[in-house]
Amino acid sequence: MTENNTALPKSAQSALSIISGEHQGFATALNSLMRHLTPVRERRVNPNYDLFGTILSYIDTFMDRLHHPKEDEHLFRAVRTRTTEADAVLLELQHGHARGPADFRELHEALRRTRGGSAAEIETFAIILDRYAAESREHMRKEGSIVVPIALKVLTQEDWETIDHAFRDNRDPFFGTGPQGRDETLFKARYGFPSAGQ
C-alpha cells in the first residue's frame, strides 16, 4: 500500500500491514475463483459447487462481515474526521460494502442454478462472477491508491493506534493476519489457489 513505510508510526505500519494482508488474501480468493471458472466456461468440466461455494463463503464470512465493517467504522471514519478530501471516494466505497450481502445472494443463487448443467445458467454465473471480481479489484485499488495516501497525510498516531487495535482482532481463517506469517497451505492444498499476484 505504501512505497516506504519505515518512517511511519509502528501502529500505522501494523494497521496497513494487516489491511494489505487481508486484501492479498481476498485477491488470492478472487484469482482462484477466476482460475477455476475458465475450464467451466470452456465446457471442459462441470462446475464444482462445493469449491465455488466454499471460496464464496470465505469471502462473505471474512471480508464482508469482518474486514469491510472495520474499514467503515475505523479507517474511513477516522479519515472523515480529519479531512473532507476523501469524502466522495469513501461514500462510493461504503456503498460498495453495503451492496455486499445482495451481491452474494445474487452470486450464490446463480451458482445454485449451475447444478443443472445448463450452458446458459453457467454463462450467467460466469458473467456475474466476472463483474464481481472486476468491481472488487477496482474497489481495493481505490482504497490503496486514494484512501491510504490521504490517511497517511491526515491521521494522528492515536488514530492509527485505534485502527490497528481494531484490525488486530481479525483472524483470517485461511490466510492468517497481515502479510507476515500468512499461511496459504490449506487453500493451496485443497483448492489449488494461485498466489495473489497470479
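Visitor: Hi! Before we look at helix α4, what counts as a helix here?
Guide: Helices (H or I, at least four residues) and strands (E, at least two) are runs assigned by DSSP, numbered from the N terminus. This is a predicted model, where local features need pLDDT of at least 70, side-chain atom pairs count only at pLDDT 80 or more, and totals for chains, interfaces and linings use all residues. Residues are numbered from 1 along each chain as its sequence is written, and side-chain values use heavy atoms, with hydrogens and water left out.

Visitor: Great. How many salt bridges are there?
Guide: There are twelve, counting a side-chain nitrogen of Lys or Arg within 4 Å of a carboxyl oxygen of Asp or Glu.

Visitor: Back to α4, then. What does Glu109 pair with?
Guide: Glu109 forms a salt bridge with Arg112 at 2.4 Å, N to O, and another with Arg113 at 3.4 Å. Salt bridges with shared partners join Glu109, Arg112, Arg113 and Glu121 into one network.

Visitor: How far along the helix is Arg112 from Glu109?
Guide: About one helical turn, because they sit three residues apart in helix α4 (residues 100–113).

Visitor: New topic: which residue does Glu92 bridge to?
Guide: Lys142, with the closest N and O atoms 2.4 Å apart. That pair links distant parts of the chain, 50 residues apart: Glu92 is in helix α3 (residues 87–98) and Lys142 in helix α5 (residues 119–154).

Visitor: And is Lys142 buried or exposed?
Guide: Buried, at 16% relative accessible area; buried means under 20%, exposed over 50%, and partly exposed in between (1.4 Å probe, protein chains only). Glu92 is partly exposed, at 39%.
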